[in-house]
Amino acid sequence: MKNYVIIFILCMYVSMGFGQGKKTRVRVDIKPLVGKTMWFSFEDGETDAKMLAPDADGIFEFSATLEKPIDVRLGMDEPVKGSLNLYIEPGDDLLIKTDFKDATTFTGKGKENAIAYKDLMALYIKNYSSIDATKVSTEVLNEQIAQMRKDNLAFLEANKSKVSKDFFDFQYLKFYYDGLGFEIIMPYMISQGLKKKFKEVLPADYLNMLQKVKLSDDLLIYYPYNRFVRGSLPGYLRYKHMLEIGKEDSLVAQKEEEKRKMEYDLIKTNLTGKIRELALFSTVNSLLLNAKDVNDYKSYIYKFAADGGSDAHVTELQGIYDRALTLASGATPPPFELDDINGKKVSLKDFAGKVVYIDFWASWCSPCRQEMQSGSPKLHARFADNKDVVFLYISIDDNEAKWRKAIADDKIEGIHLLSKGGTKSVVAKAFNISGIPRYVIIGRDGKILDNDAPRPSNDETYSQLMKALNNK
């Protein structure tokens, strides 16, 4: 990639802005297929998915007043399973004809952007799917990860004349910061998955990655940058700090509250303005969501307010605290009913009098799969003759086929349920699941014993389950 990439990122958004909202419409024609419903999901992580029904002509239509560009995914489960990645911007009026397999065409205002985005995502998925940490050296792996981001940006450069300026600018920012976030988190993921020391899997320039980041409050209105500030940036500050003080090998052993407290202090020291406020909010949010006893960290809400937190964010944190109280030890877990892998309805009431170990996971979550392959079988074996322990797996996958394939590939024993929608799925929201893997233990009395239980590979898990069994 050309050397001007960083300079480009620093200045490209000075002229980028959006006026008043414009009527935007997307119509989807799947004829000769006949479908009853279609979902339309925004990729900003905030807007809820929409369910669409066909009109009298069998056309599914989404219309809204948009103020800025956004990526979406649309798809259906019946009569075929499939989805499409789509970019839309204010004023678009698209007609999509698709069979959700090989035949997809775009017509109307915005078609050039839609075609380019389809090809761009195909390139990204191809490159992402080719990465296999188990088959190449760490050096080659890091090069592949960096190259994936460069390929995305090179595609945009090559197609700049075919797309709108807003498309180019928006996608450039997204793939730049999503790619940078991927480069930041991958060494940690690899060190866990391949059982290597963190320092052994780092790219050569890892300690200097902040030089690739434009710290600008103006960019926070764009959700890819906003997501980077909330997610990757606090983690990077912690990784960098642990490297600098020579304690990088302790990263995996750090407890959740220790991670967030360290990130909070590092954010205060290294960031300013709205970026600092948002990163602090994200860290306190994670602290409250993952706390075993949320009362231990209520003071962080007041600390955040004193450190410049907005009234809106303080109110949101208070709401998270209030909800977390309902999931504390001794509380009754939220009720739910989901289909298991065979289509049978399952709820927690079905396991009355038993100890339930709930594993929240997804097929795309590497740490989840690692635990299932190495930790879960050993834990299951220790309770093979005990019918009073239930291993309940709740996936937050969107893709049912990938969910089923992961279960088959990893030979995961237990009861399998699917709650589509990621961390915004019904059950994930009910249990305040902000990240996976996440484990919860329910006692014989149907009450929560631990809302952030240790992983299957941790010996403490066996001890907790035995204690729960003996607690009549």
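In the predicted model, Pro32 sits in the loop that runs between strand E1 (22-29) and strand E2 (38-42). The peptide bond leading into this proline from Lys31 is cis, with omega near 15°. A further cis peptide bond connects Ile436 to Pro437, where omega is about 0°. Pro437 belongs to the loop between helix H13 (426-430) and strand E14 (438-442). Most peptide bonds are trans, and most residues other than glycine have a negative phi.

The loop between H13 and E14 also holds Asn432. Phi of Asn432 is near 55°, a positive value in a residue that is not glycine. Asn432 has a relative accessibility of 8% and is therefore classed as buried, the limit for that class being under 20%. Lys411, likewise not a glycine, has a positive phi of about 50°. Its position is in the loop between helix H12 (400-410) and strand E13 (415-418). With a relative accessibility of 69%, Lys411 counts as exposed, since that class begins over 50%.

A positive phi also occurs in the turn of a hairpin formed by E7 and E8: Phe100 has a phi of about 60° there. The hairpin has 5 residues between its two strands. Strand E7 covers residues 93-98 and strand E8 covers residues 104-109. The two strands pair in the antiparallel sense, with 6 bridges between them. Within this pairing, Leu95 is placed opposite Thr107 of E8.

At the level of the whole chain, 14 helices and 15 strands are present. The radius of gyration is 23 Å, in agreement with the value near 23 Å for a compact globule, because the chain has 472 residues. The C-alpha trace spans about 70 × 60 × 50 Å along its principal axes. Of the 472 residues, 50% are buried. Among contacts with a separation of 6 or more, 65% are between residues 24 or more positions apart.

The exposed area of the chain is about 22,800 Å², of which 51% is supplied by carbon and sulfur atoms. The chain carries 67 positive and 66 negative charges, and the mean positions of these two sets are 1 Å apart.

Definitions and conventions
Residues numbered from 1 in each chain as written. Predicted model: local features only at pLDDT ≥ 70, side-chain atom pairs only at ≥ 80, totals over all residues. Heavy atoms only, no water. Pairing = 2+ DSSP bridges. Helix = DSSP H or I, 4+ residues; strand = E, 2+ residues; numbered from the N terminus. Rg over C-alpha atoms; globule rule 2.2 N^0.38 Å. Buried < 20%, exposed > 50% of the residue type's maximum accessible area, 1.4 Å probe, protein only. Contact = heavy atoms within 4.5 Å. Areas by Shrake-Rupley, 256 points an atom, 1.4 Å probe, with all protein chains shown as cover. Lys, Arg positive; Asp, Glu negative; His and termini not counted. Charge placed at Lys NZ, Arg CZ, Asp CG, Glu CD.
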